[in-house]
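Reader: I work at the bench and would like a careful, close look at one part of this model before I rely on it. Please begin with the part in which the predictor has little confidence, and then go through one sheet strand by strand.

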Amino acid sequence: MILEINQVSQSYDQHSVLDHITFGVEKGQLLTVFGPSGSGKSTLLKSITGLLEVDKGSILLNGKDITDQKPHERGIAYVFQSPLLFPHLTVKKNIAFGLEVKKLNKKEIDMKVNTLLGLLKIEDIKDHYPNQISGGQQQRASIARALAVDPAVILMDEPFSALDSALRTKMGELIKSLQKKLGLTIVFVTHDLNECLYLSDEIVLLNHGKIVDQGATHDVYYHPKTIESAKLMGEMNWIHGKKIDQQFVTPIGSFPCDFPYDQEGLLSFRPQSIKIVKNKDDNIFKVISIDIIGREHRVVLRYDNLEIIVYTYPDHFLQIGDEVSLLFPKDYLHYCVDDTNKTNKLGENSG
Ligand SMILES: Nc1ncnc2c1ncn2[C@@H]1O[C@H](COP(=O)(O)OP(=O)(O)OP(=O)(O)O)[C@@H](O)[C@H]1O
């Protein structure tokens, strides 16, 4: 583990904002802290940078306790939503700044700055001042500035949230490719689900200052630990059923499952995990609505008093009123104990 956060708690005016947060980040990993607004994501990042003194707990970098170190002593760089650039320095000088403080010689500085200008694709604006370049270019320059000093870890707090969605996607691609190419260790904060799923190797899911789930992206998203954590990451279908022998028996069919309890529970799956098929003998679902959501269509299906949501790519042969059936890929089905009496009765689908 390159970075370890141990039992960190934080409060503002005795109002608890982080409650015993513990997680680790491996070298070369991109870990996303994901959670709704106000869940404590920025406070957590500020605690790691040292901009906030932690009330309780400790922070270790490469095994060394840095909890009481000043921000500039930590070897951690950060990139915030608003680009951090000196307005009186050109892009090139901004990137060189940290290297000059470190007293590297001019040749080394020039080499490093030129490499970063190339990696961040900002060579053409190297002699511009921050007020002469776009928001996206400013953020690229800020990232180059953060990378210049070879930080052990880079923290990014919603760095692309001020950019339009096309540019945001491009910046995400750039970060992911840089992270893989240079083996960067990044802790990234976002409340954008697509950004989180696209970028993360690991996710720490925060809600009300507590970690409610953590682990590899696929596991946290498709096999959430709790119903609360499932709901924080978008829509999910829930079907009540019971495990009998090795099968999970539900009103829409039986599924082979390794759910450890022979009892009632919930089968759950994300709307994009299942596939709509037609022209089969067992068409039991009726298409109730089809809505465009971004690149996908959100299709609501009904069987008896159950409603199922499916995200699908535009399908010109699918109409409201059609009867269809569903394919359920095993790896994307999840079973859990029903601790909320949550079912897919009409009007109750989660989101
Ligand atoms: N300086 C402060 N003084 C008092 N309360 C604060 C301060 N900063 C944040 N808070 C409170 O702490 C809680 C967590 O805030 P924080 O900014 O860490 O959340 P967040 O998950 O980053 O939210 P967002 O996604 O909206 O940026 C919120 O209830 C917020 O109002």
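Over which residues does pLDDT stay under 50, and how many contacts beyond four places in sequence does the model have for them? And in what order do the strands of the open sheet of 5 strands lie?

Author: This is a predicted model, in which local features need pLDDT of at least 70 and side-chain atom pairs count only at pLDDT 80 or more, while totals for chains, interfaces and linings use all residues. Residues are numbered from 1 along each chain as its sequence is written.

The stretch you ask about is residues 342-351, where pLDDT (the predictor's confidence in each residue, from 0 to 100) stays under 50. For this stretch the model has 25 contacts beyond four places in sequence, a contact being two residues whose C-beta atoms, placed from the backbone, lie within 7 Å. Where pLDDT is low, the predicted coordinates should not be read in detail. Over the protein the mean pLDDT is 91, and 96% of the residues reach 70 or more, while the predictor gives the complex an ipTM of 0.97 and a pTM of 0.89.

The open sheet has its 5 strands in the order E15-E19-E16-E17-E18, with antiparallel pairing; strands here are DSSP runs of at least two residues (E), and helices are runs of at least four (H or I), numbered from the N terminus, and two strands pair if DSSP finds at least two bridges between them. Strand E15 (275-277) and strand E18 (306-312) stand at the edges with a single partner strand each, so one side of each is left without a neighbour in the sheet. On average, neighbouring strands of this sheet are turned by 40° against each other, direction ignored, the axes being lines fitted to C-alpha atoms and angles running from 0 to 180 degrees between N-to-C directions.

Strand E19 (residues 323-327) is joined to E15 by 3 bridges, and the two run antiparallel. Within this pairing, Val277 has Ser325 of E19 as its bridge partner, and Ile276 stands opposite Leu326. E19 also pairs with strand E16 (residues 285-293) in the antiparallel sense, over 2 bridges, and here the bridge partner of Phe285 is Val324.

In a regular strand the side chains alternate between the two faces of the sheet. Along E19, Val324 and Leu326 point to one face and are buried, whereas Glu323, Ser325 and Leu327 point to the other and are not. A residue is called buried if 20 or more other C-beta atoms lie within 10 Å of its own, exposed if 12 or fewer do, and partly exposed in between, with C-beta atoms placed from the backbone. Ile276 thus has a buried residue of E19, Leu326, opposite it, while Ser325, the bridge partner of Val277, is not buried.

Another strand, E14 (residues 264-269), is mostly covered, with 5 of its 6 residues buried. E14 is joined to strand E11 (residues 237-244) by 6 bridges, running antiparallel, and Lys242 stands opposite Glu264 there. E14 is also joined to strand E20 (residues 334-336) by 3 bridges, again antiparallel, with Cys336 of E20 as the bridge partner of Leu266.

For the wider setting, the secondary structure of the protein comes to 8 helices and 20 strands, and buried residues make up 37% of its 351 residues.
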